[in-house]
Amino acid sequence: MVSYVSLLLYGLGGIMVAGMALLVALQEKLVYVPVLPGLAKSYPITPARLRLQYEDVWLRSSDGIRLHAWFIKLFPDCKGPTVLFFQENAGNIAHRLEMVRIMLQRLQCNVFMLSYRGYGASDGYPSQLGITRDAQAALDHLTQRTDIDTSRIVVFGRSLGGAVGAALTKSNPDKVAALILENTFTSILDMAGVLLPFLKWFMGGSGSKGPKVLNCLVRSPWSTIDIIGQIKQPIIFLSGLQDEMVPPSHMQMLYVKAATHNRRCTFVDFPTGMHMDTWLAGGDRYWRSIQLFLEQNVPENKERTVRNENDSEAR
């Protein structure tokens with residue numbers, strides 16, 4: 001009888017070890033999903049389909065990877081805020097164009113949409129280090145442009161994009177004016193325990209009580225909870241309370257950690273918002289919340305606007 005129990009325990013242990021080994025080996029494919037099932041890697045549409053004025057931008061990250069982006073302007077001389085948008089982990093920037101079309105109209109802004117390495121038309125393979133470099137390349141490009149107000153660059157990240165945006169904002173206090181986070185997780189380490197509950201005994205973020213013996217094997221931890229308290233710029237947290245992917249408690253924890261150190265934090269929740277549709281479910285209140293946040297924290301530089309208009313007339 002004892003031998004059967006021992007065999008069963010050894011069998012279960014072997015299955016768990018094999019499963020963990022598989023998770024470690026394939027973790028990038030689980031975290032980053034550039035191609036949705038049944039769809040091609042290429043963009044299904046471009047901004048032109050929605051009659052948006054745009055520019056194809058090609059960049060080089062600091063490690064030489066060729067990146068693609070769309071820079072979409074509300075109109076040619078728009079000096080409103082420029083939103084640097086970072087998408088979720090699945091699909092590509094074309095799948096966010098309808099939301100961006102409304103963003104342009106409601107916020108009277110420009111939008112820069114970056115394809116992470118391995119996504120859309122960008123080369124390479126995604127990783128935390130690589131995508132961090134990609135985000136910096138996008139920001140550096142924007143700060144060098146002469147056709148926008150570089151003092152009004154706002155980072156907007158949803159889900160994985162929120163982790164990307166938070167890291168970039170923290171590293172660039174003089175280049176990023178404000179941060180918008182939507183349905184973002186505390187860390188991939190914590191999300192592992194959400195998606196696969198047995199893993200919470202072996203890995204977790206800074207707030208986890210488990211032994212965390214597998215943390216060292218995770219190559220893309222994206223631990224936003226550990227850096228959010230170091231961000232000095234204004235932050236707005238947009239949380240869909242029906243989020244089926246990231247528990248809304250993650251956004252609450254991020255807000256509490258940030259607000260402890262930063263008085264310019266705003267939290268807005270949307271009772272019917274899910275992971276991908278909070279911008280739709282939130283309706284007018286969603287856009288008005290962001291608009292008010294920008295008006296209060298990223299106001300128009302009227303002196304610069306007048307100077308630019310005078311320069312244009314002189315030319």
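The exercises below, each with a worked solution, look at a sheet, one histidine and two cysteines.

The model is predicted, so local features need pLDDT of at least 70 and side-chain atom pairs count only at pLDDT 80 or more, while totals for chains, interfaces and linings use all residues. Residues are numbered from 1 along each chain as its sequence is written, and side-chain values use heavy atoms, with hydrogens and water left out.

**Exercise 1.** Work out in which order the strands of the open sheet lie, and which strands stand at its edges.

*Solution.* Begin with the terms: helices (H or I, at least four residues) and strands (E, at least two) are DSSP runs numbered from the N terminus, and two strands pair if DSSP finds at least two bridges between them. The open sheet has 8 strands in the order 1-2-4-3-5-6-7-8, and the pairing is mixed. Strand 1 (53-60) and strand 8 (265-270) stand at the edges, because each has a single partner strand and one side of each is left without a neighbour in the sheet. From one strand to the next, the twist averages 20°. Strand 1 and strand 2 run antiparallel and are joined by 8 bridges.

**Exercise 2.** Describe the place of H68 and its surroundings.

*Solution.* First, locate the residue: H68 lies in strand 2, which covers residues 66-73. Next, consider its bridge, where H68 in strand 2 is the partner of W58. Then turn to accessibility, with buried meaning under 20% relative accessible area, exposed over 50% and partly exposed in between (1.4 Å probe, protein chains only); H68 counts as buried because its relative accessibility is 2%. Finally, list its contacts, meaning heavy atoms within 4.5 Å: leaving aside neighbours within four places in sequence, H68 touches residues including Y43, D56, M113 and S122. The side chains of H68 and D56 are also joined by a polar contact of 2.7 Å, a term for a pair of N or O atoms within 3.5 Å where, within protein, one must be able to donate a hydrogen and the other to accept it, and where residues adjacent in sequence count only if both atoms are side-chain atoms.

**Exercise 3.** Decide how many disulfides the structure holds, and whether C78 is buried or exposed.

*Solution.* A disulfide is a pair of cysteine sulfur atoms within 2.5 Å, and a search of the whole structure finds 0 of them. C78 is in no disulfide, and the nearest cysteine sulfur, which belongs to C109, is 7.1 Å away. C78 counts as buried because its relative accessibility is 2%, and C109, at 0% relative accessibility, also counts as buried.

Notes
Axes are lines fitted to C-alpha atoms, for helices over the stretch in contact, and angles run from 0 to 180 degrees between N-to-C directions.
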